Amino acid sequence: MIIFVGRSNVGKSTLIFGLTGKAVKRGKRPGVTRKPVEVRWRNKRIVDMPGFGFMSGVSKEVQERVKREIVRFIEENTEEIELAVLVIDGKSTLEIIERWEKRGEIPIDVEFFQFLRELGIPTIVAVNKLDKMKNVNATMNRIVWKFGLNGDWEDYKDLFVPVSAKFGTNLPELMKRILERTYQKRKNKE
Ligand SMILES: Nc1nc2c(ncn2[C@@H]2O[C@H](COP(=O)(O)OP(=O)(O)O)[C@@H](O)[C@H]2O)c(=O)[nH]1
Ligand SMILES: [Mg+2]
């Protein structure tokens with residue numbers, strides 16, 4: 001099973017479609033009313049998770065409930081999840097992360113990244129909306145640093161992949177990284 005996690009509106013569903021050609025249903029208020037949505041692709045289960053974090057018009061309690069449900073789903077399926085693709089919006093992510101940091105909180109994307117690592121779930125961060133990003137290199141370096149890793153993007157090109165789900169930019173690279181990681185897992189199990 002490969003899961004796609006991230007905030008609402010970062011492009012999870014668009015990315016799954018871009019990679020697999022499978023359309024995932026979109027609810028009227030994605031992330032709130034939706035359960036994880038599953039499609040099958042190359043004999044794998046691809047799961048589009050509800051969006052976490054802030055959504056306009058959604059109460060703090062509902063946000064918290066959605067987050068708890070995502071965490072529970074991941075904990076209950078840890079053994080089965082061979083890879084998580086954490087999708088972030090490359091245009092707005094740094095601003096959002098810095099806003100959380102100023103409040104003394106751990107940004108939710110960073111928290112999920114660490115949570116997945118603690119569970120030993122291989123994770124790739126798809127930095128989406130590349131078409132809207134300026135200074136890609138500098139932005140990617142800062143993102144890597146904000147996610148708590150030492151070094152530059154150069155050192156983590158297999159983990160942090162900028163893409164444009166909408167325009168298909170760099171999707172072959174992301175696909176390659178996904179297949180590498182899922183193959184690795186299989187090999188380790190043998
Ligand atoms: N500019 C741009 N917009 C994108 C990209 N990927 C998705 N979007 C748009 O972002 C919005 C949210 O996409 P969606 O896939 O529904 O996000 P989800 O809530 O994470 O599943 C839609 O309007 C998409 O067309 C991208 O790479 N570039
Ligand atoms: Mg969606």
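Guide: Before we start, two residues are counted as in contact here if their C-beta atoms, placed from the backbone, lie within 7 Å, and please keep in mind that this is a predicted model.

Visitor: Okay, so which residues is Val127 in contact with, leaving aside its neighbours within four places in sequence?

Guide: Val127 is in contact with Ile88, Gly90, Met140 and Ile143, and also with the run Phe160, Val161, Pro162 and Val163.

Visitor: And what about the largest nonpolar core, which residues have the most contacts inside it?

Guide: That core has 43 residues, and Val127 is among those with the most contacts inside it, together with Phe4, Val85, Leu86 and Ala126.

Visitor: Which strand gives the most to this core?

Guide: Strand E4, which covers residues 83-89, gives the most, with six residues.

Visitor: Switching topic, what surrounds ligand 1?

Guide: There are 18 residues around ligand 1, and the closest of them are Gly11, Lys12, Ser13, Thr14 and Lys166. By type, the shell divides into nine polar, six charged and three nonpolar residues, and its largest share, three residues, comes from helix H1, residues 12-20.

Visitor: How many helices and strands in the whole protein?

Guide: The protein has six helices and six strands, and from the N terminus on they run β-α-β-β-α-β-α-α-β-α-β-α.

Visitor: What radius of gyration does the protein have, and what would a compact globule have?

Guide: The protein has 16 Å, which agrees with the value near 16 Å for a compact globule with 190 residues, while its C-alpha trace spans about 45 × 40 × 35 Å along the principal axes. Buried residues make up 36% of the 190.

Terms used. Residues are numbered from 1 along each chain as its sequence is written. Chains are lettered from A and ligands numbered from 1 in the order in which they are written. This is a predicted model: local features need pLDDT of at least 70, side-chain atom pairs count only at pLDDT 80 or more; totals for chains, interfaces and linings use all residues. A residue is near a molecule or strand if its C-beta atom, placed from the backbone, lies within 6 Å of it. Helices (H or I, at least four residues) and strands (E, at least two) are DSSP runs, numbered from the N terminus. Ala, Val, Leu, Ile, Met, Phe, Trp, Tyr, Cys and Pro count as nonpolar, Asp, Glu, Lys and Arg as charged, and the others, Gly among them, as polar. A nonpolar core is a set of buried Ala, Val, Leu, Ile, Met, Phe, Trp, Tyr and Cys residues joined through C-beta atoms within 7 Å. A residue is buried if 20 or more other C-beta atoms lie within 10 Å of its own, exposed if 12 or fewer, and partly exposed in between; C-beta atoms are placed from the backbone. The radius of gyration is taken over C-alpha atoms; the globule rule is 2.2 Å times the number of residues to the power 0.38.
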